[in-house]
Amino acid sequence: MTSLLECRGLCKVFERAGGDLVVLDDCDFSLGETERVAIMGASGAGKSTLLNLLSGLDAPSAGDIAFRGQSLGGAKSDDWSRWRRDNVGFVFQFHFLLPDFTALENVLLPVRLAGRVTSVHEKRAKDLLGHMGLGDRIKHLPGELSGGEEQRVAVARAFMNQPAVVMADEPTGNLDRALGRELADILFALSREMSSGLIVVTHSRDLADRADRILRLESGVLRAVDNSVST
Ligand SMILES: Nc1ncnc2c1ncn2[C@@H]1O[C@H](COP(=O)(O)OP(=O)(O)OP(=O)(O)O)[C@@H](O)[C@H]1O
Ligand SMILES: [Mg+2]
């Protein structure tokens with residue numbers, strides 16, 4: 001079976017005056033259609049770097065990335081941006097909502113970037129926000145929302161275009177435990193409903209345990225973590 005997203009021999013070296021820093025060293029990874037994978041690892045291990053490469057935001061030093069069996073080629077090309085826009089949803093530790101846009105406008109942003117916003121899109125965005133208990137907050141600006149609410153808007157935005165894969169980089173890192181759990185519920189529920197693949201980077205074992213598979217990034221490569229034993 002073809003993977004949704006796959007990388008082989010991925011390397012990333014940051015060249016620095018004091019010596020090169022090897023962050024990824026011949027790293028392999030494969031995500032199945034609708035699979036949900038958690039990536040853990042120490043701070044500085046290269047988790048965000050890996051997501052940047054997998055989404056084409058940054059170019060690998062070596063290695064290849066393929067989407068549904070087709071190599072995505074060199075990064076930063078127009079093809080990559082189009083591919084990213086049409087297939088990837090992002091959630092970050094800090095929500096990155098546009099401060100002058102309402103919750104609804106923020107959720108509609110991926111559609112606006114891809115073309116024209118229609119009433120069908122508006123209904124979809126409202127439904128998504130309603131689904132998250134934010135039905136009466138759609139006209140609020142980010143500054144008029146709580147941290148947990150802002151992060152839920154960011155999740156709605158990530159799923160707006162029904163992406164093939166959502167990449168979340170410490171989506172609960174800035175939330176307390178209860179809010180973090182709520183957000184994780186929403187993230188996993190939406191990925192299931194929309195049949196999206198999910199790559200979630202997290203320091204939280206609680207969150208990671210919800211994934212189909214847990215991987216640990218260490219010394220530049222991903223290794224499977226035994227998640228049958230609850231810790
Ligand atoms: N543009 C860059 N230039 C040089 N070094 C970089 C650059 N980006 C990241 N690094 C270094 O690469 C390493 C991996 O960084 P990365 O942000 O991927 O770690 P991380 O696993 O996401 O950590 P955290 O859990 O703290 O978010 C770090 O040592 C970082 O300092
Ligand atoms: Mg990081």
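Helices and strands are taken here as DSSP runs, a helix (H or I) having at least four residues and a strand (E) at least two, and both are numbered from the N terminus. In these terms, helix 1 gives three residues to the shell around ligand 1, the largest share of that shell. The structure described is a predicted model, and the account below moves from the ligand site to the two groups of paired strands and then to individual residues in loops and helices.

The shell around ligand 1 holds 14 residues, the closest of which are Ser 43, Gly 44, Lys 47, Ser 48 and Thr 49. By class, the shell divides into five nonpolar, six polar and three charged residues. Polar contacts to oxygen atoms of the ligand are made both by backbone and by side-chain atoms. A backbone N or O atom of Ala 45 lies 3.2 Å from an oxygen atom of ligand 1, and a backbone N or O atom of Gly 46 lies 2.9 Å from an oxygen atom of the ligand. From a side chain, a polar atom of His 203 lies 3.0 Å from an oxygen atom of ligand 1. The ligand taken alone exposes 640 Å², of which the protein buries 62%. Two elements, strand 2 (21–31) and helix 1 (47–54), give two or more residues to the shell around ligand 1.

Strand 2 also belongs to an open sheet of four strands, which has the order 2-1-4-5 and antiparallel pairing. Strand 2 and strand 5 (70–71) stand at the edges of this sheet, each with a single partner strand, so that one side of each is left without a neighbour in the sheet. Between strand 1 (residues 5–14) and strand 2 there are seven bridges in the antiparallel sense, and within this pairing Val 13 stands opposite Val 22 of strand 2. The two strands form a hairpin with six residues between them, and Gly 19, in the turn, has a positive phi of about 125 degrees. Strand 1 is further joined by five bridges to strand 4 (residues 62–67), the two running antiparallel; here the bridge partner of Arg 8 is Asp 64 in strand 4. Strand 4 is in turn joined to strand 5 by two bridges, again in the antiparallel sense, with Phe 67 standing opposite Gln 70 of strand 5.

A second group of pairings, in the parallel sense, involves strand 7. Strand 6 (residues 88–91) and strand 7 (residues 165–169) run parallel and are joined by four bridges, and Val 91 stands opposite Ala 168 in strand 7. Strand 7 also pairs with strand 8 (residues 197–201) in the parallel sense, over five bridges, where the partner of Val 166 is Leu 198 of strand 8. The connection between strand 7 and strand 8 includes helix 6 (residues 177–193), and the three elements make a right-handed β-α-β unit. Strand 7 is mostly covered, five of its five residues being buried. This cover extends to both faces of the strand, since Val 165, Met 167 and Asp 169 on one side and Val 166 and Ala 168 on the other are all buried. Beyond strand 7, Glu 170 lies in the loop between strand 7 and helix 6. Glu 170 is not a glycine, yet has a positive phi of about 50 degrees. With a relative accessible area of 17%, Glu 170 falls under the 20% limit and is therefore classed as buried.

A positive phi in a residue other than glycine is also found at Ser 219, where phi is near 50 degrees. Ser 219 is placed in the loop between strand 9 (213–218) and strand 10 (221–225). The relative accessible area of Ser 219 is 66%, over the 50% limit, and the residue is therefore classed as exposed. Glu 170, by contrast, is buried.

Arg 84, in helix 2 (residues 78–87), carries a charged side chain and has a relative accessible area of 16%, so that this residue too is counted as buried, under the limit of 20%. The side chain of Arg 84 reaches the backbone oxygen of Gly 56 at a distance of 3.1 Å.

Definitions and conventions: Residues numbered from 1 in each chain as written. Chains lettered and ligands numbered in written order. Predicted model: local features only at pLDDT ≥ 70, side-chain atom pairs only at ≥ 80, totals over all residues. Heavy atoms only, no water. Near = heavy atom within 4 Å. Polar contact = N/O pair within 3.5 Å; in protein donor to acceptor, adjacent residues only side chain to side chain. Areas by Shrake-Rupley, 256 points an atom, 1.4 Å probe, with all protein chains shown as cover. Buried < 20%, exposed > 50% of the residue type's maximum accessible area, 1.4 Å probe, protein only. Pairing = 2+ DSSP bridges. Right-handed = clockwise from strand over helix to strand, strands pointing away.
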